[in-house]
Amino acid sequence: GTVEGVKAELTDRVDGAGFMPIGYSIDTYNPDKAFSGEFDGQGYEINELYMNLANLNNMSWGGLFGYVNEGKISNLTVKGKIVTAKGTGNRCYVGGVVAYLNNSSIENCNSFMNIEQNREYNGIVGGEPITGGVVGYNAGNIVSSYSVGTVENGYSFGVGSGAVYSSYTASPATKGVFGTNQKIVDSYYDLYATGHKYTAQTTSD
């Protein structure tokens with residue numbers, strides 16, 4: 001069921017490979033296993049995190065956390081690689097730290113995750129993947145965080161209706177730096193590292 005009311009702390013550096021996201025669902029629009037607690041990484045790293053979702057048809061979530069609803073993730077660095085699913089059905093969300101952030105916050109979290117986009121998009125509604133460096137889809141707040149890893153077929157800061165505050169990216173991303181509809185405040189990006197010399201969205205109030 002849903003993971004609620006949990007306050008967890010990371011007490012040491014961790015090496016991780018081949019595990020499923022914390023809080024995920026095979027149903028994109030009605031997540032039944034959302035993470036709704038607090039996770040404090042205490043400034044530690046999760047190193048060599050590896051997810052190969054390529055053979056999981058219609059896997060909806062890819063990231064350390066899948067779906068975070070009314071939760072908080074803070075003080076954490078993740079390094080590694082995600083290979084996304086090949087399915088062509090439900091929309092796939094992929095982010096280095098969180099795949100889908102809903103009414104939640106990420107603070108002081110850093111992603112060195114390289115995201116390899118292997119999902120086959122067949123043009124149907126809902127089939128296109130949503131991919132970002134720290135968060136795939138942001139319907140919350142990203143604060144004082146940064147992304148450095150490569151993001152294939154996505155945005156450095158992902159997309160969504162949320163906000164990005166005091167954050168930075170040097171992630172080379174195929175589609176751009178800031179996805180649609182996000183509020184960007186006091187955030188910036190490396191022009192040359194990202195491969196994008198300009199953006200249509202402002203980076204301040």
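Me: In what order do the 3 strands of the open sheet stand?
Reply: In this predicted model, 3 strands come together in an open sheet, and their pairing is parallel. Strand 4 (61-62) and strand 9 (130-132) each have a single partner strand, so one side of each is left without a neighbour in the sheet. The order is therefore one with strands 4 and 9 at the edges, namely 4-7-9.

Me: Which residue in strand 7 is the bridge partner of Trp-61?
Reply: Strand 4 runs parallel to strand 7 (residues 93-95), and 2 bridges join them. In strand 7, the residue bridged to Trp-61 is Tyr-93.

Me: How many strands does the protein have?
Reply: The open sheet described above takes in 3 strands. The protein as a whole has 1 helix, and its strands number 16.

Me: What share of the residues in the protein is buried?
Reply: The protein has 205 residues, and its accessible surface comes to about 8,800 Å². Carbon and sulfur atoms hold 45% of that surface. Among the residues, the buried share is 50%.

Me: What percentage of the contacts with a separation of 6 or more is accounted for by residues 24 or more positions apart?
Reply: One pair of residues with such a separation is Lys-79 and Glu-45, which form a salt bridge and stand 34 residues apart. For the protein, contacts between residues 24 or more positions apart make up, of those with a separation of 6 or more, 65%.

Me: How far apart are the closest N and O atoms of Lys-79 and Glu-45?
Reply: Side chains of opposite charge can pair when their charged atoms come close. Lys-79 and Glu-45 form a salt bridge, and the pair links strand 6 (residues 72-83) with strand 3 (residues 35-52). Lys-79 counts as partly exposed at 26% relative accessibility, and Glu-45 counts as partly exposed at 24%. Their closest N and O atoms are separated by 3.4 Å.

Me: Over the face of which residue does Lys-79 lie?
Reply: Lys-79, the salt-bridge partner of Glu-45, also lies over a ring, at 5.1 Å from the ring centre. The ring belongs to Phe-112.

Me: Which residue meets Glu-107 in a salt bridge?
Reply: The N to O distance in this salt bridge of Glu-107 is 3.9 Å. The pair joins strand 8 (residues 98-116), which holds Glu-107, to strand 6, 35 residues away. Both residues are partly exposed, each with a relative accessible area of 30%. The partner of Glu-107 is Lys-72.

Me: With which residue does Lys-81 form a salt bridge?
Reply: The closest N and O atoms of this pair are 3.0 Å apart. Lys-81 lies in strand 6, and its partner lies in strand 8, 35 residues away. Lys-81 counts as partly exposed at 32% relative accessibility, while the partner is partly exposed with a relative accessible area of 23%. That partner is Glu-116.

Me: How many salt bridges are there by this rule?
Reply: Lys-79 pairs with Glu-45, Glu-107 with Lys-72, and Lys-81 with Glu-116. The count of salt bridges comes to 3.

Me: What is the angle between the planes of Tyr-93 and Tyr-137?
Reply: The structure holds 8 aromatic pairs. One of them is formed by Tyr-93 and Tyr-137, whose rings stand edge-to-face at 6.2 Å centre to centre. Tyr-93 lies in strand 7 and Tyr-137 in strand 10 (residues 135-143), so this pair ties together parts that are 44 residues apart in sequence. The planes of the two rings meet at 80°.

Me: Is Tyr-93 buried or exposed?
Reply: The cut-off for a buried residue is under 20% relative accessible area. Tyr-93 has 4% relative accessibility, whereas Tyr-137 has 21% and counts as partly exposed. Tyr-93 therefore counts as buried.

Me: What is the centre to centre distance of Tyr-100 and Tyr-137?
Reply: Tyr-100 and Tyr-137 form a stacked aromatic pair, with 25° between the planes. The pair links strand 8 with strand 10 across 37 residues. Tyr-100 counts as buried at 15% relative accessibility. The two ring centres are separated by 4.8 Å.

Me: Which residues do ring pairs link into a cluster?
Reply: Tyr-137 pairs with Tyr-93 and also with Tyr-100. The cluster linked by ring pairs consists of Tyr-67, Tyr-93, Tyr-100 and Tyr-137.

Methods:
Residues are numbered from 1 along each chain as its sequence is written. This is a predicted model: local features need pLDDT of at least 70, side-chain atom pairs count only at pLDDT 80 or more; totals for chains, interfaces and linings use all residues. Side-chain values use heavy atoms; hydrogens and water are left out. Two strands pair if DSSP finds at least two bridges between them. Helices (H or I, at least four residues) and strands (E, at least two) are DSSP runs, numbered from the N terminus. Buried means under 20% relative accessible area, exposed over 50%, partly exposed in between (1.4 Å probe, protein chains only). Contact means heavy atoms within 4.5 Å. Accessible areas come from the Shrake-Rupley method with a 1.4 Å probe; for residues, only the protein chains shown count as cover. A salt bridge is a side-chain nitrogen of Lys or Arg within 4 Å of a carboxyl oxygen of Asp or Glu. Rings of Phe, Tyr and Trp (its six-membered ring) pair if their centres lie within 6.5 Å; planes under 30 degrees apart count as stacked, over 60 as edge-to-face and the rest as tilted. A charge sits over a ring if NZ of Lys or CZ of Arg is within 6 Å of the ring centre and within 35 degrees of the ring normal.
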